[in-house]
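This briefing covers contacts to nucleic acid, one arginine, and the salt bridges. The structure is shown first.

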2 protein chains.
Amino acid sequence: MPDQPLITPLPTAPDAGTELPVLGGPARERCDAARNRRRILSAAEALVARDGAVAVSMDQIAAAAGVGKGTLFRRFGDRAGLLRALLSDREGAFQEALIRGPAPLGPGAPPEERLLAFGPAYLHELQDYAELLSEVEASTVPGELMTGGPYALYRTHLTLLLRAANPRLDAEYHADALLTPLSAQLVLHQRDARGMDLERLAAGWQAQARGLLAI
Amino acid sequence: MPDQPLITPLPTAPDAGTELPVLGGPARERCDAARNRRRILSAAEALVARDGAVAVSMDQIAAAAGVGKGTLFRRFGDRAGLLRALLSDREGAFQEALIRGPAPLGPGAPPEERLLAFGPAYLHELQDYAELLSEVEASTVPGELMTGGPYALYRTHLTLLLRAANPRLDAEYHADALLTPLSAQLVLHQRDARGMDLERLAAGWQAQARGLLAI
DNA sequence: TTGTGAAGTGGACCGCAGTCCGCTTGTGTC
DNA sequence: GACACAAGCGGACTGCGGTCCACTTCACAA
């Protein structure tokens, strides 16, 4: 299982990873590089767990990992990339469940049911790592957030489901419109500052989706 | 007409402004301070018009205005506050139209119609200053964006309309859910990177709202 | 074992937003 | 007009994310 499943690697950081001993691919990773990557990730994980993602700086991570700062940026592109790498396992599992998992989230159920299952499932996953993902959202350059990374997959997924469930809709638009209320920053604010619990958010999201199916 | 209508001033920057010659209020603004504020705003406006909001730094604005950097931050709190001040006239006009303007955006029309008028009107306004507002969104600390500033008014407005139009809804949730797809960052991405024109965005938003009225 | 080129490294460096505090200046009082 | 004091000022300073490039280390071939 790759370290960063389904996340397109940065052009500057191929990160082919996964120490396959055979089949020297187009660009194998040198073993000292792999060792440093592990060091960086485990140092970052420990610091984030202790102090929270907001309070951890790239210098701190570099120092804790015993590498230079340049190595962090060569490996992960920018701060958002490093934080995203910390999430990749969990995000990968969710993406896997979307594509190959059991119904109604995975294939097998009718598109209406799969659509209605998405929001609550995503919100449930989000509870664990909302703070980290919120930090990723904040430190990603605006346009890039929607373009690459996991959002592109979710957008495609929702577009296909919407198109199948109600062909009269502008599926592309509504995929965005259903995805933005799931933003980690918003959900965190709703949960912590306004006291809206998970069930309420999930029910609201489903109502939003059901409305689209009704027209 | 105040400089920053309906925008609650920062605690560190009272900005009572508006050179009222009479009625010495609780905290009159000294006239050199007012002169500097005008200098800063016009310098900022010129630089933003020339180079774009992203490319303009606080140091540049301070230098162009002929004041120290500390003055900028004393006056406007942070970068987002300064950029928001550049928008305040236009935002104020739109808020005015919401509250006291002609129907269907203003009062007089039934809530369903006022709701459906909001999205397209806001998107239309946004076209002019989307880049600036996107920069404000990006440089505002996450929680604060929804709490203060114009968003609070829009959220309240939508909440009231939704509650009146369909009492079965969780009006507070759906106010957020209808507001997030109007984020300047998203709209800019949809318009420029994905080639979705204004009519399409407006129609999509209305469909989203109409769905809520239907259930 | 040794040579070689590319992949990898790390810390000095840059421009940035935001803070701090000693100094200046305007204003109301006597 | 002189004074006192608070309001205002500004630039040096901090820590940050991110870049750069001279240097080191690895992997492979002869």
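Which element supplies the largest share of the surface near DNA strand D? Helix 3 of chain B does, with five residues. This is a predicted model, in which local features need pLDDT of at least 70, side-chain atom pairs count only at pLDDT 80 or more, and totals for chains, interfaces and linings use all residues. Residues are numbered from 1 along each chain as its sequence is written, chains are lettered from A and ligands numbered from 1 in the order in which they are written, and side-chain values use heavy atoms, with hydrogens and water left out.

**DNA strand D**

- DNA strand D is surrounded by 21 residues, where near means a residue heavy atom within 4 Å of the strand; Lys69(A), Arg79(A), Arg30(B), Asn36(B) and Gly68(B) are the closest.
- Of the strand D atoms that come within 4 Å of the protein, 63% belong to sugar and phosphate.
- The surface near the strand has 10 charged residues (Asp, Glu, Lys and Arg), five nonpolar (Ala, Val, Leu, Ile, Met, Phe, Trp, Tyr, Cys and Pro) and six polar (the others, Gly among them).
- Helix 1 (31–51) and helix 3 (69–76) of chain A, and helix 1 (31–51) and helix 3 (69–76) of chain B, each supply at least two residues of this surface; helices are DSSP runs of H or I, at least four residues, numbered from the N terminus.
- In chain B, side-chain N or O atoms of Thr71(B) and Arg74(B) lie 3.0 Å and 3.4 Å, respectively, from a phosphate oxygen of the strand.

**Arg114(B)**

- Arg114(B) belongs to helix 5 (residues 111–138) of chain B.
- Arg114(B) is buried (under 20% relative accessible area, 1.4 Å probe, protein chains only) and has no salt bridge (a Lys or Arg side-chain nitrogen within 4 Å of an Asp or Glu carboxyl oxygen).
- The nearest side chain of opposite charge to Arg114(B) is Glu113(B), 9.2 Å away.
- The side chain of Arg114(B) reaches the backbone oxygen of Gly106(B) at 2.9 Å.

**Salt bridges**

- Over all chains the structure holds 20 salt bridges.
- Arg200(B) pairs with Asp170(A), with the closest N and O atoms 2.7 Å apart.
- That pair crosses between chains, from helix 10 (residues 198–214) of chain B to the loop between helix 7 (149–165) and helix 8 (171–179) of chain A.
- Glu135(B) forms a salt bridge with Arg79(B), the closest N and O atoms being 2.7 Å apart.
- These two residues are 56 residues apart, Glu135(B) in helix 5 and Arg79(B) in helix 4 (residues 79–100) of chain B.
- Glu135(B) is buried at 14% relative accessibility, and Arg79(B) is buried at 19%.
- A network of salt bridges links Arg155(A), Asp176(A) and Arg194(B).

Key:
Polar contact = N/O pair within 3.5 Å; in protein donor to acceptor, adjacent residues only side chain to side chain. Buried < 20%, exposed > 50% of the residue type's maximum accessible area, 1.4 Å probe, protein only. Lys, Arg positive; Asp, Glu negative; His and termini not counted.
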